[in-house]
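Please open the model in your viewer and keep the sequence panel beside it, since the tour moves from a whole chain to one helix and then to a contact between chains.

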Amino acid sequence: MTTIALRPASLPLAGPSSRRVTTPDRPDDEKALVLSAQRGELEAFSELVRRHQRRAYAVARAIVTTHEDAEDAVQDAFLHAYRALHRFLPDQAFGAWLHRIVANASLDITRRRKVRDADDLPETIASPFRDPAESDELRLRLQAALARLPERQRSVIVLHDVEGFKHSEIGKLLGIPEGTARSDLHYARSALRRLLEQLRSPQ
Amino acid sequence: MTTNYSAPHLVPDDDPGEADLTRALRTLYAAPEADGYWSALEQRIMDRVAGGDALDAWWYVPAQWARIGLIAAGFALVVAGSLFLRSRAEQRQMAFDSVVGPSAGGPTLAIHDAATERQAMVNYINGR
């Protein structure tokens, strides 16, 4: 029987200096965790949650519009993952598998939200819960511009520029061809740049 | 000899994003940093996992039962369909019988044999 040392909060924190939150490369360790979780050991699954929740949040946050929805998506995704764990092959990358589930949960929340809020569209993208400088004009403009972008383009630019996902990974996450992810990124950047130029130009 | 290849319209992969744009995006989408936040989120997730998520457990049906239910529903649909078709065919038969059937009480038509008619014509011509 494999013994796994469980450590609390072993990941580096997500701060401005370390944007791309990475999961430590410990494939054997992770495989053992997955196998233990598949046997029903909740402590092992808890460790998987601990390792992957930040990256899962980042994926969700790129797709949904609010911090609260991202939280819900992460919780739903881990619950789905736990229920489907018996179907997961331990030789695969757990992170990639989980991110697909997170993306699906996020898209599902977005769809439900769209139906619910059909008559009450927000003017801007809601900011994260701890936005440090609401008065920052660039940020406010950016929020407004992001709200005007098509949802998929917004997700693509955030996943690529903020989270560092490759086009092929974004394609898999969002269920679109890689070429579409490339062109979405191009159009999203162009739109946002136009807006920033307007901001820089003298009034 | 030179061959000219026309490159397809490609969107550059390494289109350098504006530094301030990227910086602003990263600030906007920054994940929470506090350890306490992540511990609490992990706890909420594990509570849901351990509790089987009581909120939606009432409709969670094991896949095997769902499969049996689907088969039963399909079978019931086939039976209902065949019964419907059968009753429709019976109704049509009854309607047909009520108009032209042997049991109908309405007027009957005299059916003339073509040979008899021909003979009658011959007799008429012969002055009979």
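What share of the contacts in chain A with a separation of 6 or more is accounted for by residues 24 or more positions apart? In this predicted model, such residues account for 69% of those contacts.

Begin by selecting chain A and colouring by secondary structure, which brings up eight helices and zero strands, in the order α-α-α-α-α-α-α-α along the sequence. Of the 203 residues in this chain, 38% are buried.

Next, select residues 67–83 of chain A, which form helix α3. At 1.5 Å a residue, its 17 residues should span 24 Å, and because the end C-alpha atoms lie 25 Å apart, the expected and modelled spans agree. Helix α3(A) is mostly covered, with twelve of its 17 residues buried; among them are the charged-type side chains A:D69, A:E71 and A:D76, as well as A:V74, A:F78 and A:Y82.

Now add residues 35–50 of chain B, helix α2, whose axis lies 9 Å from that of α3(A) at an angle of about 40°. Because of that angle, the two helices count as oblique to each other, and α3(A) passes α2(B) in a right-handed crossing.

To see the contact itself, show side chains for A:E71, A:V74, A:Q75, A:F78, A:L79 and A:Y82 on α3(A), together with B:L41, B:R44, B:I45, B:R48 and B:V49 on α2(B), which they meet. The residues of this contact divide into seven nonpolar, one polar and three charged.

Definitions and conventions. Residues are numbered from 1 along each chain as its sequence is written. Chains are lettered from A and ligands numbered from 1 in the order in which they are written. This is a predicted model: local features need pLDDT of at least 70, side-chain atom pairs count only at pLDDT 80 or more; totals for chains, interfaces and linings use all residues. Helices (H or I, at least four residues) and strands (E, at least two) are DSSP runs, numbered from the N terminus. A residue is buried if 20 or more other C-beta atoms lie within 10 Å of its own, exposed if 12 or fewer, and partly exposed in between; C-beta atoms are placed from the backbone. Two residues are in contact if their C-beta atoms, placed from the backbone, lie within 7 Å. Axes are lines fitted to C-alpha atoms, for helices over the stretch in contact, and angles run from 0 to 180 degrees between N-to-C directions. Angles under 35 degrees count as roughly parallel, over 145 as roughly antiparallel, 65 to 115 as roughly perpendicular and the rest as oblique. A crossing is left-handed if the near helix is turned anticlockwise from the far one by less than a right angle, and right-handed if clockwise. The expected span of a helix is 1.5 Å times one less than its number of residues.
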